[in-house]
Amino acid sequence: MRPTRMLMLPTLLALLLSANSGAAFAADAPSAADIAAMRSFTLDETFLQHYMDASDDIARDPCRLGMIDLLKGGDSFTSIDQAAAHYDAQPGVHAMLASHGLTAREMVLGMMTLTSAAVQDVRKQHPQAMAEGGLPVSAANMAFYDAHKAQLHQHMQSIAREQLKANGGKLPACLAE
């Protein structure tokens, strides 16, 4: 397996498992409010640029600025707002997101939307490999994801290369656990 894929594997698996479970941060089915939030969130060029810029900052310090804590403690969060508040309270996160014109809620919703769209894309390509379910993705968000999939993939590979270089070819400590 290539090193960049090895770096992305734990995070990708955690994202896929959380998205495929029916709710990214709740043990039970998502609430009506969370479903409404997902349906009303709209991916666009501005959000994508802010998201990728914030992702670059997160990649430079994933153990402090990343959402690893949310993914590890997934079933202890019962709503998107609770997860976003927890993420926003991590030292340095609020200021970093604000510097990119984002709130923690937008970052969490955006990550969940992009991840859910990626899961649906994989499901379309390999229907036998994944069970139905997951979080809702609007047709507009799915179309946006499809149009930007290559750009997102290239960005993720770039981040993975940077993290490998910064960590001597190994995963950052928080991702290796």
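The following paragraphs describe the fold, the nonpolar core and one buried glutamine of a predicted protein model.

Confidence comes first, as it colours the reading of everything else. The protein chain has an average pLDDT of 79, and 77% of its residues score at least 70. Helix α1, spanning residues 3-20, marks the low end with a mean of 39, while helix α7, residues 93-99, marks the high end at 97. For residues 1-27 the pLDDT stays below 50, although this stretch still has 61 contacts in the model beyond near neighbours in sequence.

The overall architecture is quickly told. The protein chain contains 10 helices and zero strands, so the order of elements from the N terminus reads α-α-α-α-α-α-α-α-α-α. Among its 177 residues, 44% count as buried. Of the contacts in the chain with a separation of 6 or more, 74% are between residues 24 or more positions apart. The exposed surface comes to about 9,100 Å², with carbon and sulfur atoms supplying 59% of that area.

Turning to the interior, the largest nonpolar core comprises 37 residues, and Y87, L97, M107 and V108 have the most contacts inside it. Two or more residues each are given to this core by α2 (32-40), α3 (45-60), α6, α7, α8 (104-125) and α9 (139-166). Helix α8 provides the largest share, with nine residues. A closer look at Y87 is rewarding for anyone with the structure open. Apart from neighbours within four places in sequence, Y87 is in contact with I58, L65, G66, M67 and L70, and also with V93, M96, L97, A104, M107 and V108. That list includes L97, M107 and V108, which are, together with Y87, the residues with the most contacts inside the core.

A polar counterpart is found at Q90, located in the loop that joins α6 (80-89) to α7. Q90 counts as buried because its relative accessibility is 12%, below the 20% cut-off. Its side chain makes two approaches to backbone oxygens. A polar atom of the Q90 side chain lies 3.2 Å from the backbone oxygen of R64, and the side chain of Q90 also reaches the backbone oxygen of G66 at 3.2 Å. Not counting residues up to four places away in sequence, Q90 touches R64, L65, G66 and D69. Two of these partners, L65 and G66, also appear among the contacts of Y87.

Technical notes
Residues numbered from 1 in each chain as written. Predicted model: local features only at pLDDT ≥ 70, side-chain atom pairs only at ≥ 80, totals over all residues. Heavy atoms only, no water. pLDDT = per-residue confidence, 0-100. Helix = DSSP H or I, 4+ residues; strand = E, 2+ residues; numbered from the N terminus. Contact = heavy atoms within 4.5 Å. Buried < 20%, exposed > 50% of the residue type's maximum accessible area, 1.4 Å probe, protein only. Areas by Shrake-Rupley, 256 points an atom, 1.4 Å probe, with all protein chains shown as cover. Polar contact = N/O pair within 3.5 Å; in protein donor to acceptor, adjacent residues only side chain to side chain. Core = buried A, V, L, I, M, F, W, Y, C linked by side-chain atoms within 4.5 Å.
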